[in-house]
Amino acid sequence: MKTIILYVSYHHMNTQKIAIAMAQAMGAEALPLEKADVKTIDAYDLIGLGSGIYYGKFDKRMTDFIAGNNWEGKKTFVFSTSGFNSPKSNNATIRLLEDKGAKVLGSFHCRGYDTYPLFKLVGGLSKGYPDEEDIRDAEKFGVEILKLASEL
């Protein structure tokens, strides 16, 4: 199954670390969102979409990319990282994908080091994350999603 993971990651590259770990475990490609276009969606059977969480939401570039493209019948999954342990932050993106006709096969979230201005004053949140356990969990999640997608 041809699989790609698109992600938005900056500051500490937390989401990129998770995207690369998942991609390696799945035998997939990991690609920063800015290098993707509509042809990317058409060329893959399974698409992972990941972002850091900012003010409780996925990066606007990712949600704009989802909103601006056709996802009808596409198998997808979402993942995120944030300073707070907030897996519910994926819910709005899941709904957006489903509203666009995508099949969302799963959701993954883990903590990521966060030094957004207010948190910088106290040395940041979730320092040391994602950690090795998070990386292993992301790899396991990716393999499970790949198996699920191939069974559909």
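Modeller: A polar contact, as the term is used here, is a pair of N or O atoms within 3.5 Å, and within protein one of them must be able to donate a hydrogen and the other to accept it. Please keep in mind throughout that this is a predicted model.

Colleague: What makes the approach between aspartate 59 and the backbone nitrogen of arginine 61 a polar contact?

Modeller: A polar atom of the aspartate 59 side chain lies 2.8 Å from the backbone nitrogen of arginine 61, and because the cut-off is 3.5 Å, this pair falls within it.

Colleague: Why is aspartate 59 called buried or exposed, whichever applies?

Modeller: The relative accessibility of aspartate 59 is 6%, and since buried means under 20%, aspartate 59 counts as buried. Aspartate 59 sits in the loop between strand E4 (57-58) and helix H3 (60-67), and, leaving out residues up to four places away in sequence, this aspartate touches Val8, Tyr10, Ser51, Gly52 and Tyr54.

Colleague: How do you know that arginine 61 and aspartate 59 form a salt bridge?

Modeller: The closest N and O atoms of arginine 61 and aspartate 59 are 3.0 Å apart, and the definition asks for a side-chain nitrogen of Lys or Arg within 4 Å of a carboxyl oxygen of Asp or Glu, so the pair qualifies. Arginine 61 itself, at 45% relative accessibility, is partly exposed, because that value lies between the limits of 20% and 50%.

Colleague: How many salt bridges does the structure hold, and what makes lysine 60 and aspartate 64 one of them?

Modeller: There are 2 salt bridges in the structure, and for lysine 60 and aspartate 64 the closest N and O atoms are 2.9 Å apart, which is within the 4 Å limit, so this pair also counts. Both residues belong to helix H3, where they are 4 residues apart, about one turn of the helix.

Colleague: Why are lysine 60 and aspartate 64 given the accessibility labels that they have?

Modeller: Lysine 60 has a relative accessible area of 57%, and because exposed means over 50%, lysine 60 is exposed. Aspartate 64, with 41%, is partly exposed, because its value falls between 20% and 50%.

Colleague: What makes E3 and E4 paired strands, and in which sense do they run?

Modeller: Pairing requires at least two bridges, and E3 and E4 share 2 bridges in the antiparallel sense, so they meet that requirement. Isoleucine 53, for example, has phenylalanine 58 in E4 as its bridge partner. The two strands form a hairpin with 2 residues between them, and tyrosine 55 in the turn has a positive phi of about 55°.

Colleague: Which other strands pair with E3, and over how many bridges?

Modeller: Strand E1 (residues 3-8) pairs with E3 in the parallel sense over 6 bridges, with leucine 6 standing opposite leucine 49. Strand E5 (residues 75-82) also pairs with E3 in the parallel sense, over 7 bridges, and there glycine 48 stands opposite phenylalanine 77. Strand E3 (residues 46-54) is mostly covered, with 8 of its 9 residues buried.

Colleague: Where does the pLDDT drop below 50?

Modeller: The protein chain averages a pLDDT of 89, and 86% of the residues score at least 70. Over residues 120-124, however, the pLDDT is below 50, and this stretch has 6 contacts in the model beyond near neighbours in sequence. Where pLDDT is low, the predicted coordinates should not be read in detail.

Technical notes. Residues are numbered from 1 along each chain as its sequence is written. This is a predicted model: local features need pLDDT of at least 70, side-chain atom pairs count only at pLDDT 80 or more; totals for chains, interfaces and linings use all residues. Side-chain values use heavy atoms; hydrogens and water are left out. Buried means under 20% relative accessible area, exposed over 50%, partly exposed in between (1.4 Å probe, protein chains only). Contact means heavy atoms within 4.5 Å. pLDDT is the predictor's confidence in each residue, from 0 to 100.
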